[in-house]
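Trainee: Could we go through this model together, slowly, with each term explained as it comes up?

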Amino acid sequence: MTLMRASTGFRRRLPLATALTDEELGRLSAPALFLLGERSAMNDARTVSERLHRLVPPARVEIVPDAGHSLPTDDPAAVTEEILSMAARQVG
């Protein structure tokens with residue numbers, strides 16, 4: 001019961017996420033994989049995809065159908081498959 005009472009007052013303190021600027025994205029030189037949930041409530045996947053293709057041409061950008069912003073829990077198999085595929089291309 002003590003732990004339950006203590007947990008009700010818990011507030012996660014994380015810094016606010018900020019979007020990278022066009023200049024910052026344009027400086028990416030490492031292999032990059034961007035997975036976007038098609039149904040994300042936080043951003044428009046098509047708009048983000050177009051921006052990434054324009055600013056980071058060598059990056060791999062995939063829109064995962066029927067997934068939201070919580071992509072790893074919405075479609076963990078797709079996330080795993082894309083990461084392993086990207087890693088295999090880097091090694092091979």
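What follows is a set of questions and answers about salt bridges, a pocket and nonpolar cores.

Mentor: Before we start, keep in mind that this is a predicted model, in which local features need pLDDT of at least 70 and side-chain atom pairs count only at pLDDT 80 or more, while totals for chains, interfaces and linings use all residues. Residues are numbered from 1 along each chain as its sequence is written, and side-chain values use heavy atoms, with hydrogens and water left out.

Trainee: How many salt bridges does the structure hold?

Mentor: A salt bridge is counted when a side-chain nitrogen of Lys or Arg lies within 4 Å of a carboxyl oxygen of Asp or Glu. One of them pairs Arg46 with Glu38, whose closest N and O atoms are 3.9 Å apart. In the whole structure, the number of salt bridges is five.

Trainee: Which residues are joined into one network by salt bridges that share partners?

Mentor: Arg60 forms a salt bridge with Glu82, with 2.3 Å between the closest N and O atoms. Glu82 lies in helix α5 (residues 76-91) and Arg60 in strand β2 (residues 60-64), so this pair ties together parts that are 22 residues apart in sequence; here helices (H or I, at least four residues) and strands (E, at least two) are DSSP runs, numbered from the N terminus. Arg60 also meets the side chain of Glu62 in a salt bridge, at 3.4 Å from N to O. Through shared partners, the network therefore consists of Arg60, Glu62 and Glu82.

Trainee: Is Glu82 buried or exposed?

Mentor: The words depend on relative accessible area, where buried means under 20%, exposed means over 50% and partly exposed is in between, with a 1.4 Å probe and protein chains only. Glu62, with a relative accessible area of 27%, is partly exposed. Glu82 has 15% relative accessibility, and therefore counts as buried.

Trainee: Which element gives the most residues to the lining of the largest pocket?

Mentor: A pocket is found on a 1 Å grid over the protein atoms alone, as an open set of points where a 1.4 Å probe fits, with protein on both sides within 12 Å along at least five of seven lines, and lining residues have an atom within 4 Å of a point. The largest pocket is lined by 18 residues, and those nearest its centre are Ala19, Leu36, Asn43, Val48 and His69. At least two lining residues each come from β1 (33-37), α3 (45-55) and α4 (71-74). The element that gives the most, with four residues, is β1.

Trainee: Which helix supplies the largest share of the largest nonpolar core?

Mentor: A nonpolar core is a set of buried Ala, Val, Leu, Ile, Met, Phe, Trp, Tyr and Cys residues joined through side-chain atoms within 4.5 Å. The largest such core has nine residues, including Leu25, Ala32, Leu36 and Val61. Its largest share is three residues, and they come from α3.

Trainee: Which residues does Ser49 contact, leaving aside its neighbours within four places in sequence?

Mentor: Ser49 has its place in helix α3, and at 10% relative accessibility Ser49 counts as buried. Contact means heavy atoms within 4.5 Å. With the neighbours within four places set aside, the contacts of Ser49 are Leu36, Val61 and Ile63.
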